[in-house]
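Reader: I am in my first year, and I would like to learn how the features of a protein model are read, one after another. Please take each general idea before the case itself.

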Amino acid sequence: MSTPPFVELPDGVFRTSVLTNRGEFAALRADPPADASAAPTTLLVPGYSGSKEDFIAMLAPIAAGGRTVIAVDQRGQYETPGPATHEAYTTDALGADVRAMVAALSGSGPLHLLGHSFGGLVTRSALLADPTGVCSYTVLGSGPGRIIGVRSKHARLLVEVVAKFGPNVVAPTMQRFERLKAGPKPPDEVVEFVHRRLEVSSPYALVAMARALLTEPDRVDDLAALGVPTLVAYGDGDDAWPPAVQAAMATRLGAGEAIFAGAGHSPNVDVPDDLVKTLLRFWDDAEGPGIGAETALTAASGC
């Protein structure tokens, strides 16, 4: 989970939704200045127990860099409801949701896709099903397969507690995890937001996602075979997938690599400005000369 640094929407960021053939997904959006050159849209997918607000500090800077940016809730997260069944929240099922979002958003050209943490596993599943419409991919604070860092202990404990006491204990258990986190306490309004997000998110989604984090297979070689321009970005203090594991994944992918000093599992929160600068450069490089919103859809061949 990322804990956003603030919750009040910055100027130019607004609430919206992405309507797809698999349903409607709550979103935050920011658009570039009216005189900006046309450029591909960017789609940001959050991680386990998170939401679109995890990217709140990045949205206005990305838009100022000349790009439309959309951050979404996955199914079952915060303001996007989902069914009371665990099968709806496997990485493949959620990947199909992302595929539907890409299809809905890329009608005027391919887009850039980013997945954070568990969102990295979901977006990878989406690409492996069909990379059409995606011209670059960023894996942020995610790994090659199941989670193995300190955070795996919380996921395992949640699954065990729910197996014994049922889904009603999900929110209180995860709120307790939040209260036990080390480091400075966030502002009161952020703490209230995080607790409310856990209360309204689907307990079935939270448990199923935790199980997926503990069991996801290594699919790096399959992803590498697609040839989609990829960036692996992570903090040097990541406690979910160790930095050495993410570095090895980048090598296997033949991907670019960005390591953020002083950042933990969520560079999107810890060093958002540095992350945005890196992303803007990566997206520019992936596009090459002459890209515009009118570019036809491509599959695994860059923008």
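Author: Let us begin with the naming of elements: a helix here is a DSSP run of H or I with at least four residues, and helices are numbered from the N terminus. Please keep in mind throughout that this is a predicted model.

Reader: With that naming in hand, what phi does G288 take just after α11?

Author: The general idea is that most residues other than glycine have a negative phi. In this structure G288, which follows directly after α11, takes a positive phi of about 70 degrees.

Reader: Which value does phi have in S49, which is not a glycine?

Author: S49 has a positive phi of about 60 degrees although it is not a glycine, and this serine is found in the loop between β3, residues 42–45, and α1. Phi of S117 is positive too, near 55 degrees, in a residue other than glycine, and S117 has its place in the loop between β5, residues 111–116, and α3, residues 118–129.

Reader: Why does S49 count as buried?

Author: The cut-off needed here is that buried means under 20% relative accessible area. S49 counts as buried because its relative accessibility is 4%, and S117, at 5%, counts as buried as well. The same reasoning can be carried to helix α4, residues 151–165, where S152 has its place: at 7% relative accessibility S152 is counted as buried, and, leaving out residues up to four places away in sequence, S152 touches I147 and L214.

Reader: Which residues does G47 touch, beyond those up to four places away in sequence?

Author: G47 lies in the loop between β3 and α1 and is buried, with a relative accessible area of 3%. With residues up to four places away set aside, G47 touches Q77, H116, S117, F118 and G119. One of these partners, H116, lies in strand β5 and is buried, with a relative accessible area of 1%. Beyond neighbours within four places in sequence, H116 is in contact with S2, V45, P46, G47, F55, L140, H265, S266 and N268. As a separate reading of distance, the C-alpha atoms of G47 and V162, which are 115 residues apart along the chain, are separated by 20 Å.

Reader: How is the span of a helix such as α3 read, and how many of its 12 residues are buried?

Author: The 12 residues of α3 should span 16 Å at 1.5 Å a residue, and its end C-alpha atoms are 17 Å apart, which agrees. As for burial, 10 of the 12 residues of α3 are buried, so this helix is largely enclosed by the rest of the structure. The buried residues include F118, G119, R124 and L127, and the buried part of α3 packs against β3, α2 (91–105), β5, β6 (134–140), α7 (203–215) and α8 (220–226).

Reader: At what angle do α2 and α3 pack?

Author: In general, two packed helices are described by the angle between their axes and the distance between the axes. α2 and α3 pack at an angle of about 70 degrees, with their axes 7 Å apart, and they are therefore roughly perpendicular to each other. The contact is made by T91, D92, L94, G95, V98 and R99 of α2 together with F118, L121, V122, T123, S125 and A126 of α3, and by class these residues divide into 6 nonpolar, 4 polar and 2 charged.

Reader: What angle and axis distance describe the packing of α1 and α11?

Author: Helix α1, residues 56–64, packs with helix α11, residues 272–287, at an angle of about 45 degrees, and their axes are 9 Å apart. That makes α1 oblique to α11, and the crossing of these two helices is right-handed. On the side of α1 the contact is made by A57, M58, P61 and I62, and on the side of α11 by P272, D273, L275, V276, L279, L280 and W283. By class, this contact has 10 nonpolar residues, no polar ones and 1 charged residue.

Reader: Which residues are buried in α11 itself?

Author: An α-helix has 3.6 residues a turn, so residues three or four places apart point the same way. In α11 the buried residues are P272, L275, V276, T278, L279, L280, F282, W283, A286 and E287. The helix has 16 residues and reaches 22 Å from its first C-alpha to its last, close to the 22 Å expected at 1.5 Å a residue.

Terms used. Residues numbered from 1 in each chain as written. Predicted model: local features only at pLDDT ≥ 70, side-chain atom pairs only at ≥ 80, totals over all residues. Heavy atoms only, no water. Axes fitted to C-alpha atoms, helices over the stretch in contact; angles between N-to-C directions. Parallel < 35°, antiparallel > 145°, perpendicular 65-115°, else oblique. Left-handed = near helix turned anticlockwise from the far one by under 90°. Contact = heavy atoms within 4.5 Å. Nonpolar A, V, L, I, M, F, W, Y, C, P; charged D, E, K, R; others polar. Buried < 20%, exposed > 50% of the residue type's maximum accessible area, 1.4 Å probe, protein only. Expected span 1.5 Å × (residues − 1).
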